[in-house]
Structure formats: C-alpha cells, structure tokens
Amino acid sequence: MKINIVNKHFGEKVLFSNLSLSLPDNETTLIMGESGSGKTTLLRMIASLDESYEGTIKTKEKRATMLFQENRLIENISVLSNLLLVTDDEEKAKEYLNEVGLKGEEKSIVNTLSGGMKRRVSICRFLLVPSSLYLLDEPFSAMDEETIITTSRLIKRVVKNKTIIVVTHNPLVREILDAKLVVSL
C-alpha cells in the first residue's frame, strides 16, 4: 500500500503535510502516536471514509473491513443476533465467541455485558466479515492482558496472510500480533 498525503487539515490545524508511507501487503502494521496525531483519521482515509485530503492512497486490496474504537453494537439485541447481522454462519459465530471466552453468552442482551465483553463481541463480528484488508482502531480497549492474548489468537488465525493495519497505544500489541512494521505519527 502506498500512501502519499500532500495535505490533510481540520480547519486551521494541519494534520498531515507531505506524509509518505509504504505499508507491506499481507503483513501486520502498527500505527502508534500521541492522541490527536491523526492515527484514526489515517485509518478512515485508508477505508475511504474520509476523502477530504490532497494526495493518494493506493492499495491492491478490494475490500476493507474496519473495527472502530466504538463497539457499534446493537445494544438491545442478543450477542448472537449482533453477529448474525453480518453472517449466515451461526456455527462460525459461536466458534468465534467460544474462542474469545464468551461461550454461553450467545443469548445475553448486549447492554448487560461489561465493556471488555462488548469489545470481544465487536471483534468477533468484525472478523466474520470477509475482507482482504483489516483496519483495527484500538482493538483491545477495556481488556486485561490475558483476554488480549486470547482474543489476539483468533485475530491472527482469521486474518492470516492478509493486510492488517492496527492503531494502538499499547506497545505489547506489536509482539502479540507479530507486527512487521511500526509507524509513528
């Protein structure tokens, strides 16, 4: 993936000026930086959710799937119903829930779950959408280290040999997801 941003700004604030990045295909790249440095904005630009910039982003990937910082679950329906919004494969949905430690929570209404449980449901739903480019924005928020490790196993298995770009503040994520490149903004 080739990223060449000549100019990206919010009002008077210049976010990117002459940013040039080359990100490897079929590998995991971490994007790290201070709050407000443009990490999430860059992900949104890669996903074509923000096109108000001068420059180009060229990727061979045909379809991007994005895990937002917010869980974006439907709070008043069950965990399994949230997953079945993106897939017809109920067995795979249940398998993913089991792998992230949520076996038995399929019928639980989302608004009764803890923040970490909701995050794992969001990750399962995200992974059930077929893609060749996976964009993750702070994927492990509200999780303890053990849960991060368990959940990352599922992520690595499902997105193996795909292009993955992860925004994080957690340096442990590099090791956990075997990131080959770390970009600091």
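Accessible areas here come from the Shrake-Rupley method with a 1.4 Å probe. Keep that in mind as you open the structure, which is a predicted model.

**Stop 1: the whole chain**

Start with everything selected and a surface switched on. The protein chain exposes about 9,300 Å², and carbon and sulfur atoms supply 47% of that area. Of the 185 residues, 49% are buried.

Now swap the surface for a C-alpha trace. Along its principal axes the trace spans about 50 × 35 × 30 Å. A cartoon view brings up 6 helices and 8 strands, and walking along the sequence you meet them in the pattern β-β-β-α-β-β-α-α-α-β-α-β-α-β. The radius of gyration is 17 Å, close to the 16 Å that the globule rule gives for 185 residues, so the chain is as compact as a globular protein of that length.

If you like contact maps, draw one at this point. Among contacts with a separation of 6 or more, 72% join residues 24 or more positions apart.

Colouring by charge is worth a moment too. The chain carries 25 positive and 25 negative charges, and the mean positions of the two sets are 3 Å apart.

**Stop 2: strand β2 and N18**

Next, select N18, which sits in strand β2 (residues 13-22). Is N18 buried or exposed? Its relative accessibility is 60%, so N18 counts as exposed. Leaving aside residues up to four places away in sequence, N18 touches I5 and V6. Add G55 to the selection and draw a C-alpha to C-alpha distance: N18 and G55 are 8.7 Å apart in space, with their positions 37 residues apart in sequence.

**Stop 3: the salt bridges**

How many salt bridges does the count come to? The total is 7, and the stops below visit some of the residues that take part.

*D50 and K8.* Show both side chains. The closest N and O atoms of this salt bridge are 2.9 Å apart. D50 lies in the loop between α1 (39-46) and β4 (54-58), while K8 belongs to strand β1 (residues 2-10), so the pair ties together parts that are 42 residues apart in sequence. Both partners are buried: D50 has a relative accessible area of 10%, and K8 has one of 1%. The cut-off for buried is under 20%.

*E75 and K118.* Move on to this pair, whose side chains meet in a salt bridge at 3.1 Å, N to O. Here too, distant parts of the chain are linked: E75 is in the loop between β5 (64-67) and α2 (79-83), K118 is in helix α4 (residues 115-127), and 43 residues separate them. Turn the surface back on to compare the two ends. E75 is partly exposed, with a relative accessible area of 31%, whereas K118 counts as buried at 16%.

*R72 and E70.* Select these two next. They form a salt bridge with the closest N and O atoms 3.1 Å apart. R72 is partly exposed, with a relative accessible area of 47%, and E70 is also partly exposed, at 44%.

*E95, E99 and R157.* For the last stop, select three residues together. Which kind of link joins E95, E99 and R157? They are connected in a network of salt bridges.

Methods:
Residues are numbered from 1 along each chain as its sequence is written. This is a predicted model: local features need pLDDT of at least 70, side-chain atom pairs count only at pLDDT 80 or more; totals for chains, interfaces and linings use all residues. Side-chain values use heavy atoms; hydrogens and water are left out. A salt bridge is a side-chain nitrogen of Lys or Arg within 4 Å of a carboxyl oxygen of Asp or Glu. Helices (H or I, at least four residues) and strands (E, at least two) are DSSP runs, numbered from the N terminus. Buried means under 20% relative accessible area, exposed over 50%, partly exposed in between (1.4 Å probe, protein chains only). The radius of gyration is taken over C-alpha atoms; the globule rule is 2.2 Å times the number of residues to the power 0.38. Contact means heavy atoms within 4.5 Å. Lys and Arg count as positive and Asp and Glu as negative; His and the chain ends are not counted. The place of a charge is taken as NZ of Lys, CZ of Arg, CG of Asp or CD of Glu.
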